[in-house]
Amino acid sequence: MSMSDRVEVDKSAVVNPNKTRLRRLLEHFRRRKLIWIISFNILIVTIIVIQITIILVNKNKRETTSATLSTTTLLTTTTSSTTRGQLISCVVTNNNTKWKKNAITIAGEYGQGNALNQLNWPSGIYIDDDNQSIYIADSGNHRILRWEFGARRGEVVAGGKGYGNAIDQLDYPLDVVLDKAKKYLIICDQGNRRLVRSSRQNSQDQQILISYIFCWGLAMDNNGDLYISDYGTGNVRRWREGDTEGTVVAGGNGQGNELNQLNEPNYIFVDEYYSVYVADDRNNRVMKWKKHATEGILVAPGQVSDKNPNLLSRPTGVIVDRKGNIYVSINGTHQIWRWSTDAIESDPVVGENLPGSGSAELENPYDLSFDRQGNLYVVDLSNHRIQKFFIDLDCNKF
């Protein structure tokens, strides 16, 4: 083949391999750049979506919490936040309110005894919602215990040195409250027939406020005035700072069953209008004495007739909600009963027909109290324990 017969390669058809490689690299980097841009944008969008989701979830939680609180408030007429007085608004009771059938034991679950995780014939209680604790007049141990909610044992805050009449001793205390400032314990030291004030900060700071009084129940009103039921003389007195004897606000006309008399009054309750409710033990009734009244009003058991026998035999504890519904502990029935306003009949709210030590049972219930959530506390005397019945919000929905 002659040189002239060679086929010349068309140079225009030859691609420079270096340029081709460069072009491919550029194309590769363009694709990688595009992927990075897309990935970066996806990351940014994902972060934004997560932030928005977190904000919305937190907002929903706040709204749910707010709605829950609002609903709880709407469910109810507010009860007192402390035992037998000082009405502080929070939650939930009316004449349809129900509580869980089974209670939990919040103090005294280890039976009768004198250890710090035991009680011996407890009687009066005071609920301190602000400090999440309950004060217990542990009568048989001659002491006052402070028991934090959820604790397995209490701490002695007064007495506990054996029964006696020394200033640092107690003899079968029946009730306890805190003063309005919550600086002092005020104790019904029944066995010594005196009313004692003991500092919470200084155990040496103790004082006899009233001597020669057979006190049983105590209550504190919103002004910080103290009310004392005198079991021996059949009256209730209001005591203010500086008083030596106090002022009779219920009874005071000797022991008897007239409307201006009481007969061995037990625990008491003072409402926001300064009306005094008295568990009038021997008269088998609960009386209401309005402020400045000269005689009381029968509020439980209401009108008694052949069709409505008096089930209120020997009432001991009494508390009242803001609808005027009255809750009474009755030893004979081992239940807590509710009398609605103007009703002539009542219904049991907790406890069974027969005495017992089960979670739904009581034996000789004594003092009563509500907390801010509307839970019901009962001194279960003969079982040597304090029972807490939780309010049943499922049953109390509209």
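## A hairpin within the predicted model

Strand S16 (residues 265–270) and strand S17 (residues 276–280) run antiparallel and are joined by 4 bridges. This description, like everything below, refers to a predicted model. Within the pairing, Ile-268 has Val-278 in S17 as its bridge partner. The two strands make a hairpin in which 5 residues lie between S16 and S17, and in that turn Tyr-274 has a positive phi of about 70°.

Is strand S16 enclosed by the rest of the structure, or left open to the outside? Because 6 of the 6 residues of S16 are buried, the strand is largely enclosed by the rest of the structure.

## The chain as a whole

The chain has 398 residues, of which 48% are buried, and its secondary structure amounts to 1 helix and 26 strands. The exposed area of the chain is about 20300 Å², with carbon and sulfur atoms supplying 52% of that area. When contacts with a separation of 6 or more are considered, 48% of them are made by residues 24 or more positions apart.

## Two open sheets

Strands of a sheet pair through backbone hydrogen bonds, in either a parallel or an antiparallel sense. One open sheet in this model has 4 strands in the order S12-S13-S14-S15, with antiparallel pairing. Its edges are strand S12 (215–220) and strand S15 (247–251), and since each has a single partner strand, one side of each is left without a neighbour in the sheet. From one strand to the next the twist in this sheet averages 25°. At the S12 edge, 4 bridges connect S12 with strand S13 (residues 226–230), the two running antiparallel, and Met-220 stands opposite Leu-226 in S13.

Another open sheet, also of 4 strands, follows the order S3-S26-S25-S24 and is paired in the antiparallel sense. Here strand S3 (104–107) and strand S24 (365–370) are the edge strands, each pairing on one side only, and the twist from one strand to the next averages 30°. S24 pairs with strand S25 (residues 376–380) over 4 bridges, again in the antiparallel sense, with Phe-370 standing opposite Leu-376 in S25.

## Aromatic pairs across the sequence

How many aromatic pairs does the model contain? The count comes to 11. One of them joins Trp-99 and Tyr-327, whose arrangement is edge-to-face, with 5.8 Å centre to centre and 85° between the planes. This pair links distant parts of the chain, since Trp-99 lies in the loop between strand S2 (92–93) and S3 whereas Tyr-327 belongs to strand S21 (residues 326–330), 228 residues apart. Both Trp-99 and Tyr-327 are buried.

The rings of Phe-149 and Tyr-377 are stacked, because their centres are 6.1 Å apart and their planes stand at 20°, which is under the 30 degrees that counts as stacked. Phe-149 lies in the loop between strand S6 (143–148) and strand S7 (155–159) and Tyr-377 lies in strand S25, so this pair ties together parts that are 228 residues apart in sequence. Phe-149 counts as partly exposed, at 26% relative accessibility, while Tyr-377, at 0% relative accessibility, counts as buried. Elsewhere, ring pairs link Phe-214, Trp-216, Tyr-231, Tyr-267 and Tyr-366 into a cluster.

## Charged side chains over rings

Phe-149 has a further partner in Lys-388, which lies over the face of the Phe-149 ring at 5.7 Å from the ring centre. In another case, Arg-197 lies over the face of Tyr-184, at 4.8 Å from the ring centre.

## The surroundings of Arg-285

Arg-285 is part of strand S18 (residues 285–289). Is this arginine, at 8% relative accessibility, buried or exposed? Arg-285 counts as buried because its relative accessibility of 8% falls under the 20% cut-off.

Leaving aside neighbours within four places in sequence, Arg-285 is in contact with a set of residues that includes Gly-256, Asn-257, Glu-258 and Gln-261, as well as Leu-298, Ala-300, Pro-301, Leu-312 and Pro-315. Val-278, Ala-279 and Asp-280 are also among the contacts of Arg-285, and Val-278 is the residue that serves as bridge partner of Ile-268 in the hairpin described at the start. The C-alpha atoms of Arg-285 and Asn-263 are separated by 10.0 Å, with the two residues 22 residues apart along the chain.

Methods
Residues are numbered from 1 along each chain as its sequence is written. This is a predicted model: local features need pLDDT of at least 70, side-chain atom pairs count only at pLDDT 80 or more; totals for chains, interfaces and linings use all residues. Side-chain values use heavy atoms; hydrogens and water are left out. Two strands pair if DSSP finds at least two bridges between them. Axes are lines fitted to C-alpha atoms, for helices over the stretch in contact, and angles run from 0 to 180 degrees between N-to-C directions. Rings of Phe, Tyr and Trp (its six-membered ring) pair if their centres lie within 6.5 Å; planes under 30 degrees apart count as stacked, over 60 as edge-to-face and the rest as tilted. Buried means under 20% relative accessible area, exposed over 50%, partly exposed in between (1.4 Å probe, protein chains only). A charge sits over a ring if NZ of Lys or CZ of Arg is within 6 Å of the ring centre and within 35 degrees of the ring normal. Contact means heavy atoms within 4.5 Å. Accessible areas come from the Shrake-Rupley method with a 1.4 Å probe; for residues, only the protein chains shown count as cover.
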